[in-house]
Amino acid sequence: LLAGAVVQARTGAFASDRVRVGASPSVQLVLAPVGEVRGRVRGPDGRPLGGASLELSDSSESPVRVHADDGGRFAIPGVKPGDWQICARGGPSTSGFDSRRIAVRSGSVTDVDILLIGTATITGRVTDAQGLPVAGTRVGAGRSTRTLDATCAITGDDGQYVLAGVPARPGVVTAGIGKDGFAQTTLEPRAGDRLVWDAQLRVDD
C-alpha cells in the first residue's frame, strides 16, 4: 500500500477509509449495509425503452454504468448510501434524456421511474475576443451553470463543436474553460431542433 491509500471493502455492504501506512499497517473497517437502485426507463412516447443507457454517479465514487433490458428495466445493486445523480439516455433507435438526484438508503431499494424527454442538437463555433477560433475548450448544456449534466463537447481546431442529445427544455449552454474565457446563453430547444450558437469568449479582468 502507498501512504495515504484509500482502503475499501464491499460484500453486500460498504466501508471506506484513508490510512497512513507504517511498518505494520492494521486497518479495521466496519461495513455498512448498501442499497440498490431499480427502475424502468420509458421513451418520450411512454413505452418501455430497451437498451437505454444509465449512469449513476456522486462526488466520491466512480460512475456506475448499466443498460436497461428489453423491457426497459434496470437494477444497480451494491450502491453506497447517500445522494446520487442518475442520468439516462435513449437506446439504439430512440433518443431521449433524463437526469435527477436520488437518495439511496442502507438496506433499501430505491425505485426510479424514468420518462425520457426528446432531445435537440446544438452546433456552433467558439472564438476569442479577437474573433479567432478557440480549440480544445469545453461547451456544455444543462439546467443551469451549476448543473451541466446533459451533454458536453470539446471544440475542434477550427473552434467548431456539436452538442448532441440536448434535452428539449429551457436550459443554459456555456463555453470556455479557465483562462480561455467564458460565454453562456439560454435556449429553449424543442425535440428534433438543430440550433446554432456561436460563442465569443470573454475574459474577466
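A residue counts as buried when its relative accessible area is under 20%. By that cut-off, four of the five residues of strand β12 (residues 138-142) are buried in this predicted model. Strand β12 is therefore largely enclosed by the rest of the structure.

The protein chain as a whole sets the frame for this strand. Its secondary structure consists of 18 strands and zero helices. Of its 205 residues, 43% are buried. The accessible surface is about 11500 Å². Carbon and sulfur atoms account for 48% of that surface. Contacts were also sorted by sequence separation. Among those between residues at least 6 apart, 50% join residues at least 24 apart.

Strand β12 belongs to an open sheet of four strands, in the order β13-β12-β15-β16. Pairing in this sheet is antiparallel. In general, strands of a sheet pair through backbone hydrogen bonds. On one side, β12 is joined to β13 (residues 151-154) by four bridges. Here Ala141 has Thr151 as its bridge partner. On the other side of β12 in the strand order stands β15 (residues 171-175). The β12-β15 pair is also built on four bridges. Gly142 is matched with Val172 of β15 in this pair. Strand β15 in turn pairs with β16 over five bridges, again antiparallel. Thr174 stands opposite Gln184 of β16. The edges of the sheet are β13 and β16 (183-187). Each has a single partner strand, so one side of each is left without a neighbour in the sheet. Ignoring direction, neighbouring strands are turned by 15 degrees against each other on average.

A second open sheet of four strands has the order β6-β5-β8-β9. Its pairing is antiparallel as well. Strands β6 (64-67) and β9 form the edges, each pairing on one side only. The average turn between neighbouring strands is 20 degrees, direction ignored. Eight bridges join β8 to β9. Within this pair, Asp83 stands opposite Ala103 of β9.

Nonpolar packing was examined next. In soluble globular proteins, nonpolar side chains tend to be buried together. The largest nonpolar core in the model has 19 residues. Val37, Leu54, Phe74 and Ile114 have the most contacts inside it. Six strands each supply at least two residues of this core: β4 (35-42), β5 (53-57), β7 (73-79), β8 (82-89), β9 (97-104) and β10 (109-115). A second, separate core holds 16 residues, including Ala141, Ala153, Tyr161 and Val166. Ala141 thus links two parts of the description: this residue is a member of the second core and the bridge partner of Thr151.

Leu54 illustrates the packing of the largest core. Residues up to four places away in sequence were set aside. Leu54 then touches Val41, Val64, Arg65, Val66, His67, Ala68, Phe74, Ile86, Cys87, Ala88 and Ile114. Among these contacts are Phe74 and Ile114, which are listed with Leu54 as residues with the most contacts inside the core.

Charged pairs were then counted. The model contains six salt bridges. One of them joins Arg38 to Glu36, with the closest N and O atoms 3.1 Å apart. Arg38 is partly exposed at 38% relative accessibility, whereas Glu36 is buried at 18%. Arg100 and Asp98 form another salt bridge, at 3.0 Å from N to O. Arg100 is partly exposed, with a relative accessible area of 28%. Asp98 is buried, at 10%. A further salt bridge links Arg73 and Asp69, at 3.6 Å. Here Arg73 is partly exposed at 43%, and Asp69 is partly exposed at 32%.

One loop residue completes the description. Gly46 lies in the loop between β4 and β5. Gly46 is partly exposed, with a relative accessible area of 29%. In sequence, Gly46 and Leu115 are 69 residues apart. In space, their C-alpha atoms are 6.8 Å apart.

Terms used. Residues numbered from 1 in each chain as written. Predicted model: local features only at pLDDT ≥ 70, side-chain atom pairs only at ≥ 80, totals over all residues. Heavy atoms only, no water. Buried < 20%, exposed > 50% of the residue type's maximum accessible area, 1.4 Å probe, protein only. Pairing = 2+ DSSP bridges. Contact = heavy atoms within 4.5 Å. Areas by Shrake-Rupley, 256 points an atom, 1.4 Å probe, with all protein chains shown as cover. Core = buried A, V, L, I, M, F, W, Y, C linked by side-chain atoms within 4.5 Å. Axes fitted to C-alpha atoms, helices over the stretch in contact; angles between N-to-C directions. Salt bridge = Lys/Arg side-chain N within 4 Å of Asp/Glu carboxyl O.
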